[in-house]
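Trainee: Could you take a close look at one part for me, the place where the two chains meet? I'd like to see how the sheets there are put together and what sits around them.

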Amino acid sequence: MKKFLFILIIACSTGVFSSAQTKDPLVASCVMDIGDGAKYLKDFRVQLGKGTGTEDLRYKAHMSLWKSTKYRFTLCNDESSKGQLIINIRNENNDVVASSYDAKTGKIYPYIDFVCNRSGIYQLCFDFYEGESGLGVGVVSMIR
Amino acid sequence: MKGKLLILLIIPLFITYSCKNGSRKNDDFVFPENDSIPLSEVGMLSKEAIADISKNIASPVEIANLLLMLEVPFSPSYLASGLDANQQSTAYDKALALGILGADLGYLNMYEMTGTSVDMLSSIKKLAEGINVGQFFDFETIKNLSINKDNLDSLLYLSIDSYNQIDEYLRANDRGHLSALMIIGVWLEGQYLATQVVSDYPDPILRDRIGEQKIILNDLILLASQYCDRDPQFKDLCGYLEDIKKAFLEVKITYTLGEPVSEERNGGLVVTQTETSVVEMTDQQLGDIIAVTKTVRDKLITNN
């Protein structure tokens, strides 16, 4: 919260939020939620209409992840979002190596800490739970 | 006759099976064949594919973070201090320099070297304005965050996000060649930093990270390939990337399989990957990579 206030004060005093190139407030607030010690790397803004809920996760992106690094994937939803953002991380063999949704328990986790031991290009697949429409952000950060 | 016919039928089947098994093995990373994407078709890569490749390339702060984690002390000697923003005349020079200094800024920010990073910000501002993308860089905010050392995550976010916005803007406005230059500059400077440090601090994790760059090098070359015939400077750059690729050819990356292990912790999910990648790289191969990286980087800095 302290950090959020600080960046808000700095941003307001320098006119960032009033400039033409305003930072996406959803991304900015999600970055504030990544936790102490986490270092921001990338963000993925996901906006989807209603799907069937039976298809693969619809928003796909690639990202290189490196061995001996602990990544955090934080998922945030816009207040107006009907659905809850989920993520699957797939390796180069298309195997799911991590998922924020546990099909057995039905639990959706707000973040995944992924201890990477295989360097490679991974596929990050996002969607809203049960193919619902929504707006959300996935922020990738490093913990160590 | 029937026996011969049977043998003739079985041999191709056996060969086919063996080949399939070989291709499914997936335990060794090799560069895709040079002709897998004909050069004539490289220019037809979709905007989405280019955007995807651009996002693949590792962030410069990852190398800096690794150095910090390994407790490698900061050294200004690794920075591209000889690169003068005022001397960059063409858009090519400016975009490449913007990438190189972006990686240096990540290194400075990570080590909280605020005094130097403020100077570097001025150079970055000049370069960004030189290619008409200065509006995406929140210089004052970044400068203030840089001076205040308590907000490293906000500083990293604003710095990286500014670069991401520049990259997206350039690609969306048919100036993808400048975006490619920026990305190549960032990667090259990060690789230069890692290879210089490993000479003084031969840590196995850092050594592996250098060898693992083979994984994304081909994407980087693919990104540049679209513009190789654009002008002589780009042609040289494509040649330099090929030189780097040659140094990586014999580096082997193998994989061991394993199922990820998950556990719930503090409301989140912690997943530990048990499959691993293993880099096989001789001292000679590493030496060649260090040498070619330095040669290319120095050429580009001097050209600038």
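Mentor: Let's start with a term: a residue counts as buried if 20 or more other C-beta atoms lie within 10 Å of its own. By that count, buried residues make up 42% of the 144 residues in chain A. Keep in mind that this is a predicted model.

Chain A has two helices and 10 strands, and from the N terminus on both helices come before the strands. Among its contacts between residues at least 6 apart in sequence, 80% join residues at least 24 apart.

Now to the meeting place itself. Chain A puts 43 residues into the contact and chain B puts in 46. On the chain A side, helix H1 (2-13), strand E1 (39-48), E2, E5, strand E8 (111-116) and E9 each supply at least two residues. The biggest giver there is E8(A), with six residues. Sorted by class, the side of chain A that touches chain B has 25 nonpolar, 10 polar and eight charged residues.

E8(A) deserves a longer stop. It pairs with strand E4 (residues 268-272) of chain B in the parallel sense, over four bridges. If you want a spot to zoom in on, find Asp113(A), which stands opposite Val270(B) in E4(B). Follow the strands outwards from there and you get an open sheet of six, in the order E1(A)-E10(A)-E3(A)-E8(A)-E4(B)-E3(B), with mixed pairing. Its edge strands are E1 of chain A and strand E3 (261-265) of chain B, each paired on one side only. From one strand to the next, the twist averages 20°. At the chain A end, E1(A) runs antiparallel to strand E10 (residues 134-142) of chain A, and nine bridges join the two. Leu48(A) faces Gly134(A) of E10(A) in that pairing.

There's another sheet to look at, an open one of four strands in chain A, ordered E2-E9-E4-E5 with antiparallel pairing. Strand E2 (59-65) and strand E5 (96-99) of chain A are its edges, each pairing on one side only. Neighbouring strands in this sheet are turned by 25° against each other on average, direction ignored. E2(A) is joined to strand E9 (residues 120-128) of chain A by seven bridges, the two running antiparallel; within E9(A), Tyr122(A) is the bridge partner of Met63(A). Chain B comes in here too: its helix H3 (residues 47-56) packs on the sheet and touches E2 and E9 of chain A, with its direction at about 35° to that of E2(A).

What about the nonpolar packing? The largest nonpolar core has 114 residues, and those with the most contacts inside it are Ile112(A), Leu101(B) and Ile124(B). Helix H9 (residues 176-200) of chain B provides the largest share of this core, 14 residues. Setting aside neighbours within four places in sequence, Leu101(B) is in contact with Ala80(B), Leu83(B), Met120(B), Ser123(B), Ile124(B) and Leu127(B).

Finally, have a look at helix H5 (residues 91-110) of chain B. Its 20 residues reach 28 Å from first C-alpha to last, close to the 28 Å expected at 1.5 Å a residue. Of those 20 residues of H5(B), 19 are buried, so the helix is largely enclosed by the rest of the structure. After H5(B) comes Glu112(B), with a positive phi near 55°.

How values were computed. Residues are numbered from 1 along each chain as its sequence is written. Chains are lettered from A and ligands numbered from 1 in the order in which they are written. This is a predicted model: local features need pLDDT of at least 70, side-chain atom pairs count only at pLDDT 80 or more; totals for chains, interfaces and linings use all residues. Two strands pair if DSSP finds at least two bridges between them. Axes are lines fitted to C-alpha atoms, for helices over the stretch in contact, and angles run from 0 to 180 degrees between N-to-C directions. Two residues are in contact if their C-beta atoms, placed from the backbone, lie within 7 Å. A nonpolar core is a set of buried Ala, Val, Leu, Ile, Met, Phe, Trp, Tyr and Cys residues joined through C-beta atoms within 7 Å. A residue is buried if 20 or more other C-beta atoms lie within 10 Å of its own, exposed if 12 or fewer, and partly exposed in between; C-beta atoms are placed from the backbone. Ala, Val, Leu, Ile, Met, Phe, Trp, Tyr, Cys and Pro count as nonpolar, Asp, Glu, Lys and Arg as charged, and the others, Gly among them, as polar. The expected span of a helix is 1.5 Å times one less than its number of residues.
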